[in-house]
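Q: Please take a close look at the pockets of this model, and follow the description outward from there into the parts around them. A connected account would suit me better than a list, with each cut-off stated where its term comes up.

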Amino acid sequence: MNKQILIISGSPRQGGNSDTLCDQFQKGCEEAGHSVTKICLRDKQINFCRACYACRKTGVCVQKDDVFDILQQMKDADVIVLATPVYFYSMAGQVKTLIDRCLACGESLAGKEFYFIATAAAGKPEMKRTIDALRGFTDCLPNSKVCGVVYGAGAWQLGDIQGNPALEEAYEMGKNIG
């Protein structure tokens, strides 16, 4: 079955380690026959949530930035991949800012399949805090399911991910989406 896959890269660097894992995941998805869209948050204007809660009444955020289009793509996707480098054992700020802005459409993300990709200089045990924070988001979405996690451990400097087993894991995970 052909699925709509949305990959959201929180990498601030084009060709960064987490961005590279996104590309491998995408390659696997496309080879399996899925439709894939990749969004790079570094190219988007995303304001902080103002906690005005106007979106709770209208279903649409009052701010005029790139989030409206991103949220629409999230609603339309069958599968959402969230990718982030790890800073101070947590997700990159641009990823967290997008998650906070999902307040405008949280209910419409219920039942989605999610995959997480994270890269860090640290090892997998230290990265679990970041994944727990991402799970905090999906835990608020009824019936959503985290289907897989790619840990790009030991990748700090640009290009450190090359030769890392996470490259093959990301590719295989994308290829095996059912």
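A: The largest pocket of this predicted model holds about 230 Å³ of space (a pocket being, on a 1 Å grid over the protein atoms alone, an open set of points where a 1.4 Å probe fits, with protein on both sides within 12 Å along at least five of seven lines, and a cavity a set from which the probe cannot get out; the points are joined across faces, edges and corners, and a volume is the space filled by probe spheres set on them). Its lining consists of 13 residues, of which Ile-99, Cys-102, Leu-103, Phe-137 and Cys-140 are the closest to the centre (a lining residue has an atom within 4 Å of a point). Two elements, α4 and α5, give two or more residues to this lining (helices are DSSP runs of H or I with at least four residues, strands runs of E with at least two, numbered from the N terminus), and α4 supplies the largest share, with three residues. By class, the lining divides into eight nonpolar, one polar and four charged residues, where Ala, Val, Leu, Ile, Met, Phe, Trp, Tyr, Cys and Pro count as nonpolar, Asp, Glu, Lys and Arg as charged, and the others, Gly among them, as polar.

On the reading of these values, local features need pLDDT of at least 70 and side-chain atom pairs count only at pLDDT 80 or more, whereas totals for chains, interfaces and linings use all residues. Residues are numbered from 1 along each chain as its sequence is written, and side-chain values use heavy atoms, with hydrogens and water left out.

Helix α4 also contains Thr-97, which counts as buried because its relative accessible area is 10% (buried means under 20%, exposed over 50% and partly exposed in between, with a 1.4 Å probe and protein chains only). Not counting residues up to four places away in sequence, Thr-97 touches Ile-46, Asn-47 and Phe-48, contact being heavy atoms within 4.5 Å.

Both α4 (93–101) and α5 (124–139) are also among the elements against which the buried residues of α3 pack, together with the strands β1 (4–9), β2 (35–40) and β3 (79–87). In helix α3, which covers residues 67–76, the buried residues are Val-67, Ile-70, Leu-71 and Met-74. They lie on the same side of α3, because the arc they cover around the axis is only 95°, taken from the directions from the helix axis to the C-beta atoms. In general, an α-helix has 3.6 residues a turn, so residues three or four places apart point the same way.

Strand β3 leads on to the second largest pocket, whose volume is about 170 Å³. This pocket is lined by 14 residues, with Arg-13, Asn-17, Pro-85, Tyr-87 and Trp-156 the closest to its centre. At least two residues of the lining come from each of α1, β3 and β5, and β3 gives the most, with three. The classes here are eight nonpolar, five polar and one charged.

Trp-156 also has a partner in space that is distant in sequence, since its C-alpha lies 5.6 Å from that of Ala-120 although the two are 36 residues apart. Ala-120 belongs to strand β5 and, at 5% relative accessibility, counts as buried. Among residues over four places away in sequence, Ala-120 touches Val-86, Met-127, Gly-152, Ala-153, Gly-154 and Ala-155.

Strand β5 (113–120) and helix α1 (17–31) come up again with α6, whose buried residues pack against both of them and against β6 (145–153). In α6, which runs over residues 165–175, Ala-166, Leu-167, Ala-170, Tyr-171, Met-173 and Gly-174 are buried, and these lie on the same side of the helix because their arc around the axis is only 165°.

Beyond the pockets, a search of the whole structure finds one cavity of 30 Å³ or more. It is lined by 13 residues, of which Cys-49, Arg-50, Cys-52, Cys-55 and Cys-61 are the closest to its centre, and its space amounts to about 90 Å³. Nine nonpolar, one polar and three charged residues make up this lining.

With regard to the cysteines, the search of the whole structure finds zero disulfides, a disulfide being a pair of cysteine sulfur atoms within 2.5 Å. Cys-55 is in no disulfide, and the nearest cysteine sulfur, that of Cys-61, is 6.2 Å away; at 10% relative accessibility, Cys-55 counts as buried.
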